[in-house]
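This briefing introduces selected features of one protein structure. Please keep the sequence and the three-dimensional view at hand while reading.

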Amino acid sequence: HAIFSPSPSCMSLFPRCPPPSLHTCQGLAPCLPEEGQVNTFGPRLFLATPHPASSSSAAMDRIFSTLLLHLLLLLQSYRVCGTPPQPRGTLCRTKPTDLVFIIDSSRSVRPHEFEKVKVFLSRVIEGLDVGPNSTRVGVINYASAVKNEFSLKTYQTKAGLLQAVRKIEPLSTGTMTGLAIQFAISRAFSDSEGARVRSPNVNKVAIIVTDGRPQDGVQDVSARARAAGIEIFAIGVGRVDMHTLRQIASEPLDDHVDYVESYSVIEKLTQKFQEAFCVVSDLCATGDHDCEQICISTPGAYKCACKEGFTLNNDGKTCSACSGGSGSALDLVFLIDGSKSVRPENFELVKKFINQIVDSLEVSDKQAQVGLVQYSSSVRQEFPLGQFKNKKDIKAAVKKMAYMEKGTMTGQALKYLVDSSFSIANGARPGVPKVGIVFTDGRSQDYITDAAKKAKDLGFKMFAVGVGNAVEDELREIASEPVAEHYFYTADFRTISKIGKKLQMKICIEEDPCECKSIVKFQTKVEELINSLQQ
């Protein structure tokens, strides 16, 4: 790996130690921008630099808001026939491009922020046609010096590129942005490094990501890069100097300068760059799709949907006529751990976010009913299904719930859920889907196997949520099949975002898919609420 520094004598080769692996989301859908025109500009350069992280917090409000609001997506009932359009096409055709990422890894970029930059790179790469005759990708890593992580000729497959990106480590020193751009001109986009300099139809693109003010000049060197036919995109994060970004980027600046408040949201720019490289804009119009009823076109891709009165099947392309059903009816019971380890202040937050879930439900005799059970060394029904007919009364009852503060008899609580909570005597309605959420932060002090099995055998949809000292084997035993979609665990509250990635968008009753409700608007509402709480 070449090191490029202000002094030519500093140029040398050195080995790179393998870094910790980067965990990224799988199954990324390439090239799925929602709107806008295809970018057919010439060579481009993207520069990325990190932003100083705000102080990390393990505060329970963020933890439970994120966790329980995501669960709300799972528990939304289904009263409108039809399913949200599913991404289908992956036929994004990218014009041959020599693409070089220039990423700032100076000391202001925290390790977890640098991981976010790597995820962003990976997602953009996922949407490309990678190959020696299509798109080639290189990465420059810079701080006080410049490190050529890999050149345009190094990897000819998408898998190879993604693996190489995961291994990149931050340099953690100064911010020599101008030096990195000069390296791109003289080395990264050279014939010897794999650039197709003799091919006028191949775009030259650089993407720069940065979060601060450079310690050297960028105006002149950026002008030379643009004059050499390199199209430059500049991405600024946090307290970045916007004047510097404008000096770097190509014209028009509105299309080539982007700003995000923190690295946690840099992935939102993925769609823009996938769209920029995609040259097929309307697969529905060209007939290059397999939707049975409705094709919704996006640049380089498409989604299938169904007409009113039909629901989208699991294959994502065919539709079935709806046969009625019980609308949005749902019997939902929360089974909440009130043991001593939870602590009073955190228990108050659990109540607060249960109420936020209630706020997003359709509560009535014919729609959602909510029940609440607390357990510790014993089990106490706070209120049964159907006792309260509106959100206001449910929320008031939740607020009045007193903290039990004793042991953790999860098995006894599960048995109560099976024998009592979902009984007709306690307000449950025959033929209505039953959903239980079990929340715990520790190991059960009794046997849970029989009650957990019986709940699932009776057809209850069971979700298990564990935090801290909760035992994953117990969570799996409680959760419905497929287990991966029904149990969630984090050992550290600061890693709660990983749970959010595993949570599904909705819970659907398989026997009658026409009962499923479109949750596009609901999802947007909850995402806005999560963002508001985190701020």
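**Salt bridges and their surroundings**

Asp258 is buried, as its relative accessible area is 12%, and a residue is called buried when this value is under 20%. The model discussed here is predicted. The points below begin with the charged pair to which Asp258 belongs, and then turn to helix packing, buried positions and backbone geometry.

*The pair Lys272 and Asp258*

- Asp258 forms a salt bridge with Lys272, and the closest N and O atoms of the two are 2.4 Å apart.
- Lys272 belongs to helix H8 (residues 270-277) and Asp258 to strand S10 (residues 257-260), so this salt bridge ties together parts that are 14 residues apart in sequence.
- Lys272 has a relative accessible area of 25% and is therefore partly exposed, whereas its partner Asp258 is buried.
- The helix that carries Lys272 is mostly covered, since six of the eight residues of H8 are buried.
- The buried residues of H8 are Thr270, Phe273, Gln274, Glu275, Ala276 and Phe277.

*Other salt bridges*

- In total, the structure holds 18 salt bridges.
- The side chains of Asp191 and Arg198 meet in one of them, with a distance of 3.2 Å from N to O.
- Asp191 is partly exposed at 45% relative accessibility, while Arg198 is exposed, with a relative accessible area of 69%.
- Lys415 and Asp419 also form a salt bridge, in which the closest N and O atoms are 2.8 Å apart.
- Both residues lie in helix H11 (residues 410-421), and because they are four residues apart, about one helical turn separates them.
- Asp419 is partly exposed, its relative accessible area being 36%.
- Salt bridges can also be joined in a network, as is the case for Asp98, Arg196 and Lys204.

*Packing of helices H11 and H12*

- H11 packs with helix H12 (residues 449-457) at an angle of about 30°, and the axes of the two helices are 8 Å apart.
- This angle makes H11 roughly parallel to H12, because angles under 35 degrees count as roughly parallel.
- The crossing of the two helices is left-handed.
- On the side of H11, the contact is made by Gly411, Leu414, Lys415, Val418 and Asp419; on the side of H12, by Ala451, Ala452, Lys454 and Ala455.
- Sorted by class, the residues in the contact of H11 with H12 are five nonpolar, one polar and three charged.
- Lys415 and Asp419, which take part in this contact, are also the two partners of the salt bridge described above.

*Two buried positions*

- Ala143 is located in the loop between strand S6 (135-142) and strand S7 (146-150).
- Is Ala143 buried or exposed? With 0% relative accessibility, Ala143 counts as buried.
- Leaving aside residues up to four places away in sequence, Ala143 touches Ser105, Ser106, Leu171, Ser172, Thr173, Gly174, Thr175 and Met176.
- Ala143 and Thr177 are 34 residues apart along the chain, yet their C-alpha atoms are separated by 7.6 Å.
- Phe233 is part of strand S9 (residues 230-237) and is buried as well, at 0% relative accessibility.
- From Phe233 to Glu251 there are 18 residues in sequence, and the distance in space is 9.5 Å from C-alpha to C-alpha.

*Backbone geometry in loops*

- The peptide bond that leads from Glu251 to Pro252 is cis, with omega near -10°.
- Pro252 sits in the loop between helix H6 (242-248) and helix H7 (253-256).
- A cis peptide bond is also present from Glu481 to Pro482, again with omega near -10°.
- Pro482 is placed in the loop between helix H13 (472-478) and strand S20 (487-490).
- Ser172, one of the residues that Ala143 touches, has a phi angle near 60°, which is a positive value in a residue other than glycine.
- The loop that contains Ser172 runs between helix H3 (158-166) and helix H4 (177-188), and Ser172 is partly exposed at 37% relative accessibility.
- Glu405 likewise has a positive phi, near 60°, and is a residue other than glycine.
- The position of Glu405 is in the loop between helix H10 (391-400) and H11, and a relative accessible area of 38% makes Glu405 partly exposed.

Notes. Residues are numbered from 1 along each chain as its sequence is written. This is a predicted model: local features need pLDDT of at least 70, side-chain atom pairs count only at pLDDT 80 or more; totals for chains, interfaces and linings use all residues. Side-chain values use heavy atoms; hydrogens and water are left out. A salt bridge is a side-chain nitrogen of Lys or Arg within 4 Å of a carboxyl oxygen of Asp or Glu. Buried means under 20% relative accessible area, exposed over 50%, partly exposed in between (1.4 Å probe, protein chains only). Contact means heavy atoms within 4.5 Å. Axes are lines fitted to C-alpha atoms, for helices over the stretch in contact, and angles run from 0 to 180 degrees between N-to-C directions. Angles under 35 degrees count as roughly parallel, over 145 as roughly antiparallel, 65 to 115 as roughly perpendicular and the rest as oblique. A crossing is left-handed if the near helix is turned anticlockwise from the far one by less than a right angle, and right-handed if clockwise. Ala, Val, Leu, Ile, Met, Phe, Trp, Tyr, Cys and Pro count as nonpolar, Asp, Glu, Lys and Arg as charged, and the others, Gly among them, as polar.
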